[in-house]
Amino acid sequence: MNSEKIYSSIFFLNISKKIQNGYEDYVSWKNPELSGQKGFLDLIIIKNMQKMPGVFNHLHKGDLKICFYLENDILYTVCGSGEIQFQILEAIIEDVIIQFKLFYQQLKENYKLAFEGLLDGFKTQIVEIIKNIATKVKLVHCFCSACNTNISLYVKKSLIEANNVQFPVSIAYIHNGHASLVYLDRNFYVRGIEIINITE
Ligand SMILES: [Zn+2]
């Protein structure tokens with residue numbers, strides 16, 4: 001998946017702040033190249049459901065994949081097509097969190113009052129983040145003996161590069177109705193792969 005393909009697979013990105021009776025939109029970005037309102041109903045459902053802070057949540061519904069993350073009462077949600085891997089969506093959210101915090105802080109310092117109306121300016125950065133996300137993930141290839149196929153999965157570089165990482169890093173790749181647990185070393189080399197039992 002190249003950068004253009006990734007960009008055209010992202011439907012929307014939403015940043016909202018928890019308020020007394022729900023969420024208030026800070027930034028509501030919709031891919032200008034795509035028509036329709038894909039996933040917007042699910043965003044309402046996500047806003048209304050109980051959420052655990054500090055955890056990446058995945059929602060796979062038909063041809064939609066949605067990833068959301070709650071931190072300090074701010075909800076980050078990104079929605080893409082079914083073919084995009086969740087690691088890419090997580091990488092987008094990680095980058096958005098870092099850059100949005102900076103953007104927010106700078107606006108607050110420069111404008112003191114009524115700066116929240118200017119948060120929309122972050123949309124330009126969202127486009128940049130998505131278009132450059134290929135540099136934040138690594139494509140890993142291995143062979144799955146359960147389905148006898150070569151599989152290719154994206155892995156966030158932050159999984160390997162974060163502090164206190166224990167090697168090998170493991171990632172479960174769910175595909176063709178089963179899951180493979182792939183072990184990676186610090187160079188993203190596959191050190192092992194096994195089929196694991198899953199349930200939902
Ligand atoms: Zn397989």
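This is a short talk about the fold of one protein chain, going from the overall layout down to single residues.

Hi everyone, and thanks for having me. Before we start, please keep in mind that what you see is a predicted model.

Let's begin with the whole chain. It has five helices and ten strands. The radius of gyration is 18 Å, close to the 16 Å that the globule rule gives for 200 residues, so the chain is as compact as a globular protein of that length. If you draw a box around the C-alpha atoms along the principal axes, you get roughly 60 × 35 × 35 Å. How much of the chain is buried? Buried residues make up 27% of the 200 residues. You can also look at contacts between residues at least 6 apart in sequence: 48% of these join residues at least 24 apart.

Now the domains. Domain 1 covers residues 3-131, and domain 2 covers 136-196. Their C-alpha centres lie 26 Å apart. Where they meet, seven residues of domain 1 are in contact with seven residues of domain 2. On the domain 1 side of that meeting place, we find two nonpolar, two polar and three charged residues.

Next, let's go inside. The largest nonpolar core has 40 residues. Which residues have the most contacts inside it? They are Val-78, Ile-88, Leu-89, Ile-92, Ile-93, Val-96 and Ile-133. Helix H3 gives the most to this core, with eight residues. The core also draws at least three residues from each of the two domains, domain 1 and domain 2.

So H3 deserves a visit of its own. This helix has 26 residues and reaches 36 Å from its first C-alpha to its last, close to the 38 Å expected at 1.5 Å a residue. Its buried residues are Phe-86, Gln-87, Ile-88, Leu-89, Glu-90, Ala-91, Ile-92, Ile-93, Asp-95, Val-96 and Phe-100. Let's pick Ile-93 from that list. Leaving out residues up to four places away in sequence, Ile-93 touches Cys-67, Tyr-69, Tyr-76 and Val-78.

Further along H3, which spans residues 86-111, we come to Lys-108. Why is Lys-108 called partly exposed? The reason is a count: Lys-108 has 13 other C-beta atoms within 10 Å, and the partly exposed class sits between 12 or fewer for exposed and 20 or more for buried. Lys-108 and Phe-143 are 35 residues apart in sequence, and their C-alpha atoms are 50 Å apart in space. Right after H3 comes Lys-112, whose phi is positive, near 55°.

Let's step back to the other side of H3. Ile-84 lies in the loop between strand E5, residues 74-81, and H3. Is Ile-84 buried or exposed? With 22 C-beta neighbours inside 10 Å, Ile-84 counts as buried. Setting aside neighbours within four places in sequence, Ile-84 is in contact with Ile-6, Ser-9, Lys-65 and Leu-89. Ile-84 and Lys-5 are 79 residues apart along the chain, yet their C-alpha atoms are separated by 9.4 Å.

Try holding that pair next to the Lys-108 one. Ile-84 and Lys-5 have 79 residues of separation along the chain and 9.4 Å in space, while Lys-108 and Phe-143 have 35 residues and 50 Å.

For the last part, we move to the later stretch of the chain and its backbone details. Asn-148 has a positive phi of about 50°, although it is not a glycine. Asn-148 is found in the loop between strand E6 (137-144) and strand E7 (149-156). With 7 other C-beta atoms within 10 Å, Asn-148 is exposed.

Phe-188 also has a positive phi, near 65°, and is a residue other than glycine. Its place is the loop between strand E9 (178-184) and strand E10 (190-196). Phe-188 counts as partly exposed, with 14 C-beta neighbours inside 10 Å.

Which two residues does a cis peptide bond join? They are Phe-167 and Pro-168, with omega at about 0°. Pro-168 sits in the loop between helix H5 (157-161) and strand E8 (169-175).

Strand E8 brings us to our final stop, His-175. This residue is partly exposed, with 15 other C-beta atoms within 10 Å. His-175 and Ile-151 are 24 residues apart in sequence and 8.8 Å apart in space, C-alpha to C-alpha.

That's my tour. Thank you for listening!

Note on methods
Residues numbered from 1 in each chain as written. Predicted model: local features only at pLDDT ≥ 70, side-chain atom pairs only at ≥ 80, totals over all residues. Domains from an automatic or database assignment. Contact = placed C-beta atoms within 7 Å. Nonpolar A, V, L, I, M, F, W, Y, C, P; charged D, E, K, R; others polar. Helix = DSSP H or I, 4+ residues; strand = E, 2+ residues; numbered from the N terminus. Core = buried A, V, L, I, M, F, W, Y, C linked by C-beta atoms within 7 Å. Rg over C-alpha atoms; globule rule 2.2 N^0.38 Å. Expected span 1.5 Å × (residues − 1).
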